[in-house]
Amino acid sequence: MRSTLAPAAAKLALLGGTPVGKVTYPKFPTFTDRAIERAADMLRQGKLFGLGRKHVPEIGEAEGVISRYHGNRHVLATSSGHAALQSALAGLEICCGDEVITTPYTWGASISCILHQNAIPVFVDIERETGLIDPAQIEAAITPRTKAILAVHLFGQPANLKRLRAIADKHKLMLIEDGSQAHGAEIDGTRVGTVGDAAGFSCMGGKVLATTESGYMVTPHERVYWKGAMIGQHMGRSTDEGMPDDLKPYLDSLVYTYRVAPFNAVLLTEQFAKLDAELAERRRHADLLRRHLAGAQYLKLPNYASGVKPSYHLMSFTFDSDAAGISRDTFAAAVQAEGLRAVGYVPSVISDWKRLHWQDYRGPRVNWLSALEAAKVDYRNQALPNARWRVDHALETGFDMVAPNEPMIARMAEIILKVEANVDALRDHERTAGPAAPAVRK
Ligand SMILES: Cc1ncc(COP(=O)(O)O)c(C=O)c1O
């Protein structure tokens, strides 16, 4: 079905015309009365800290719910997504100079979990259309020190788990998934978090599955669960069933303190109860937006194979600046002036970030630089052409459409089509005014 919206040729707001109107989102996340009552009850009862399942049965309840959602994997609820990811690496014993092949185009915590283990991120390029790690580039980056591949399901799009698993198995590497932006995303009927040797998810308040601040690790390996738990939880967890005897001598309170708060444990349980219904709404709205934008020439949504079911944490577009003859930034400025907030989510490729450049680092001391220096890894000026292209051509918008909201979807499309219809005027504007300031997340 093609869009019924007509491109509006009216004058752009950026050039003095009337804006289409602000795209507003319904309140998100929402919590049921039952969730709020249960969370408050944790405080009333004085159940404040999350030592383990025996101490706080609600933690066991949440981990059980999450486990069932992820194919009965072992689950460790944590204080954040970063905590979950670092627990995953620790559980897999990835540390101390081990190389982890990953993406330079993500949120920093996908990488800091590697750095905080004193392991070495090795960046390979991404696919332009989706921004996901390109499996075709991975094998060339494997060295005798490579221990794992860490794939990120960015913006809610599932990475190509079948190919990633096959590469990992062929080279006897571990596969780690960062599902922080992609709870419930699927590829060919397989949910993210059910293929890797371990996965970490964020459940901070802005995510598809939102609490206040929490996360969880999932793994099919019981020992990985216990070793992951030991890095961030102290002896409290050892009172739970099943800790292997040979690990017990190493259990102490030399930990990062990644416990989940009990009120967040009950929020995890309750939020999972409505996750699939919310995902169905996100997907319905995404399909509608795609139909409205079928005639768009310059701003493109990724084309997904039929088995790909993203969770649409953000709506991610790429802008064809060659065809339009203007920069992404000028296009974004025009879209924003009409009422739609849209920026490039990744402001620069992570390999360019100064806190990785031990060679000329002048900032506050950080502990991972010595590991990077020992490995003599030089991140300065890495090529990564697709990641660099996306930094200049991607546009992301929020997409927390979990209640019927067709008018706002229509407005989003109307804005985009109006700006597209006025690209000639924007070309003139850019020629005289110069390109707009970079439209990137600050
Ligand atoms: C891709 C990705 N990985 C990891 C994280 C870290 O999660 P948290 O902020 O809960 O530590 C986030 C979210 O912030 C994320 O978007």
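**Close-up views of a predicted model**

By class, nine polar, four nonpolar and one charged residues form the shell around the ligand. The legends below take that shell first, then the whole chain, the domains and a small sheet. The model is predicted.

**View 1. The ligand and its surroundings.**
The ligand is surrounded by 14 residues. Ser80, Gly81, His82, Ala109 and Ser202 are the closest of them. Two elements, α3 (81-91) and α4 (109-115), each give two or more residues to this shell. Polar residues number nine here, against four nonpolar ones. A single charged residue completes the shell.

**View 2. The whole protein.**
The protein has 13 helices and 13 strands. Along the principal axes, its C-alpha atoms fill a box of roughly 70 × 55 × 40 Å. How does the radius of gyration fit a compact globule? For 442 residues, such a globule would have a value near 22 Å, and the protein has 23 Å, which agrees. Buried residues make up 51% of the 442 residues. Sequence distance also enters the picture. Take the contacts between residues at least 6 apart in sequence: 74% of them join residues at least 24 apart.

**View 3. Two domains and their contact.**
Domain 1 is built from three segments, 13-28, 275-346 and 387-433. Domain 2 covers 33-272. The C-alpha centres of domain 1 and domain 2 are 31 Å apart. Where they touch, domain 1 gives 20 residues and domain 2 gives 26 residues. Which elements supply the side of domain 1 that touches domain 2? At least two residues each come from α7 (262-292), β11 (308-309), β12 (314-319), α11 (385-393) and β13 (394-398). By class, that side of domain 1 holds 11 nonpolar residues, with five polar and four charged ones.

**View 4. A three-stranded open sheet.**
Three strands form an open sheet in the order β10-β12-β13. Their pairing is antiparallel. Why do β10 (299-300) and β13 each have one side without a neighbour in the sheet? Both stand at the edges with a single partner strand, so one side of each is left free of a neighbour there. β12 and β13 also appear in View 3, where each supplies at least two residues to the side of domain 1 that touches domain 2.

**View 5. The pairing of β10 with β12.**
Two bridges join β10 and β12 in the antiparallel sense. Which residue of β12 is the bridge partner of Leu299? Phe319 takes that place. In general, strands of a sheet pair through backbone hydrogen bonds, either parallel or antiparallel.

Methods: Residues are numbered from 1 along each chain as its sequence is written. This is a predicted model: local features need pLDDT of at least 70, side-chain atom pairs count only at pLDDT 80 or more; totals for chains, interfaces and linings use all residues. Domain bounds come from an automatic or database domain assignment. Two residues are in contact if their C-beta atoms, placed from the backbone, lie within 7 Å. Helices (H or I, at least four residues) and strands (E, at least two) are DSSP runs, numbered from the N terminus. Ala, Val, Leu, Ile, Met, Phe, Trp, Tyr, Cys and Pro count as nonpolar, Asp, Glu, Lys and Arg as charged, and the others, Gly among them, as polar. A residue is near a molecule or strand if its C-beta atom, placed from the backbone, lies within 6 Å of it. The radius of gyration is taken over C-alpha atoms; the globule rule is 2.2 Å times the number of residues to the power 0.38. A residue is buried if 20 or more other C-beta atoms lie within 10 Å of its own, exposed if 12 or fewer, and partly exposed in between; C-beta atoms are placed from the backbone. Two strands pair if DSSP finds at least two bridges between them.
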